[in-house]
Amino acid sequence: PESGSSYSYVYAALGEGAAWFIGWGLLLEYWVGAAAVAVGWSAYFVSFLRATCGLQLDQRFCTAPLAWSRKTGKFEHTEGFINAPAVAASMV
């Protein structure tokens with residue numbers, strides 16, 4: 001295939017079933033990447049508001065409910081409920 005995408009290559013080489021699986025894998029990769037970017041933008045946005053306006057947003061709405069602890073080697077609960085700026089960035 002001349003288009004160069006992995007989906008079209010797998011479709012031509014292995015058929016529709018394998019291409020369907022690869023297509024969903026690509027979508028999952030894009031979703032995880034977009035979520036990581038949204039969390040980064042959220043952190044910059046919250047620090048920008050704090051630095052320029054002196055506005056301190058409630059941490060329950062700016063952090064994730066779970067965070068990885070290097071000390072214990074597992075996920076631990078935080079005081080966060082939802083990362084609202086990241087959700088808003090994902091919706092745009």
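## Exercises on a predicted model

Ala86 touches Ala38, Val39 and Ser42, when residues up to four places away in sequence are not counted. The structure is a predicted model, and the exercises below start from this contact.

**Exercise 1.** Determine where Ala86 and Ala88 are found, and classify each as buried, partly exposed or exposed.

*Solution.* Step 1: Ala86 is found in helix α3, and Ala88 is found in helix α3 as well. Step 2: residues under 20% relative accessible area are buried, and those over 50% are exposed. Step 3: Ala86 has a relative accessible area of 7%, so Ala86 is buried. Step 4: Ala88 has a relative accessible area of 42%, so Ala88 is partly exposed. Step 5: relative to Ala43, the C-alpha atom of Ala86 is separated by 8.4 Å, with the two positions 43 residues apart along the chain as the offset. For Ala88 and Ala43, 45 residues apart along the chain, the C-alpha separation is 13 Å.

**Exercise 2.** Locate Asn83, state whether it is buried or exposed, and list its contacts.

*Solution.* Step 1: Asn83 is found in the loop between β2 (74-77) and α3. Step 2: with a relative accessible area of 13%, Asn83 falls under the 20% limit and is therefore buried. Step 3: leaving out residues up to four places away in sequence, Asn83 touches Val39, Ser42, Phe61, Cys62 and Thr63. Step 4: Val39 and Ser42 also appear among the residues that Ala86 touches.

**Exercise 3.** Test whether the end-to-end distance of helix α2 agrees with its number of residues, then identify its buried residues and their partners.

*Solution.* Step 1: helix α2 covers residues 16-52, which gives 37 residues. Step 2: the expected span is 1.5 Å times one less than the number of residues, so α2 should span 54 Å. Step 3: the end C-alpha atoms of α2 are 53 Å apart, which agrees with the expected value. Step 4: the buried residues in α2 are Ala19, Gly23, Ala38, Ser42, Val46 and Leu49. Step 5: these buried residues pack against α1 (6-14) and α3 (84-91). Step 6: just after α2, Gly54 takes a positive phi of about 70°.

**Exercise 4.** Classify the ring pairs Trp24–Trp31 and Trp68–Phe75 by geometry.

*Solution.* Step 1: a pair of aromatic rings is described by the distance of the centres and the angle of the planes. Step 2: a search of the whole structure finds 4 aromatic pairs. Step 3: the ring centres of Trp24 and Trp31 lie 6.4 Å apart and the planes stand at 55°, so this pair is tilted. Step 4: the ring centres of Trp68 and Phe75 lie 5.2 Å apart; since the planes stand at 80°, over the 60 degree limit, the pair is edge-to-face. Step 5: Trp68 and Phe75 are both exposed. Step 6: Trp24 is partly exposed at a relative accessible area of 45%, while Trp31 is exposed at 51%. Step 7: ring pairs link Trp20, Trp24 and Trp31 into a cluster.

**Exercise 5.** Identify the nonpolar surface patch that contains Leu27, and classify Leu27 by accessibility.

*Solution.* Step 1: Leu27 is found in helix α2. Step 2: its relative accessibility is 34%, so Leu27 counts as partly exposed. Step 3: the patch is formed by Trp20, Phe21, Trp24, Leu27, Leu28, Tyr30, Trp31 and Val32. Step 4: together these residues have about 970 Å² of accessible area. Step 5: the patch includes Trp20, Trp24 and Trp31, the residues of the ring cluster.

**Exercise 6.** Find the salt bridge and classify the accessibility of its two residues.

*Solution.* Step 1: a salt bridge requires a side-chain nitrogen of Lys or Arg within 4 Å of a carboxyl oxygen of Asp or Glu. Step 2: by this rule the count comes to 1 salt bridge. Step 3: Asp58 and Arg60 form it, and their closest N and O atoms are 2.6 Å apart. Step 4: Asp58 is partly exposed at 34% relative accessibility, and Arg60 is partly exposed at 44%.

Technical notes. Residues numbered from 1 in each chain as written. Heavy atoms only, no water. Phe/Tyr/Trp six-rings, centres within 6.5 Å; stacked < 30°, edge-to-face > 60°. Buried < 20%, exposed > 50% of the residue type's maximum accessible area, 1.4 Å probe, protein only. Helix = DSSP H or I, 4+ residues; strand = E, 2+ residues; numbered from the N terminus. Contact = heavy atoms within 4.5 Å. Patch = residues over 30% accessible without salt bridge, like charges linked within 9 Å, V, L, I, M, F, W, Y side chains within 5 Å. Areas by Shrake-Rupley, 256 points an atom, 1.4 Å probe, with all protein chains shown as cover.
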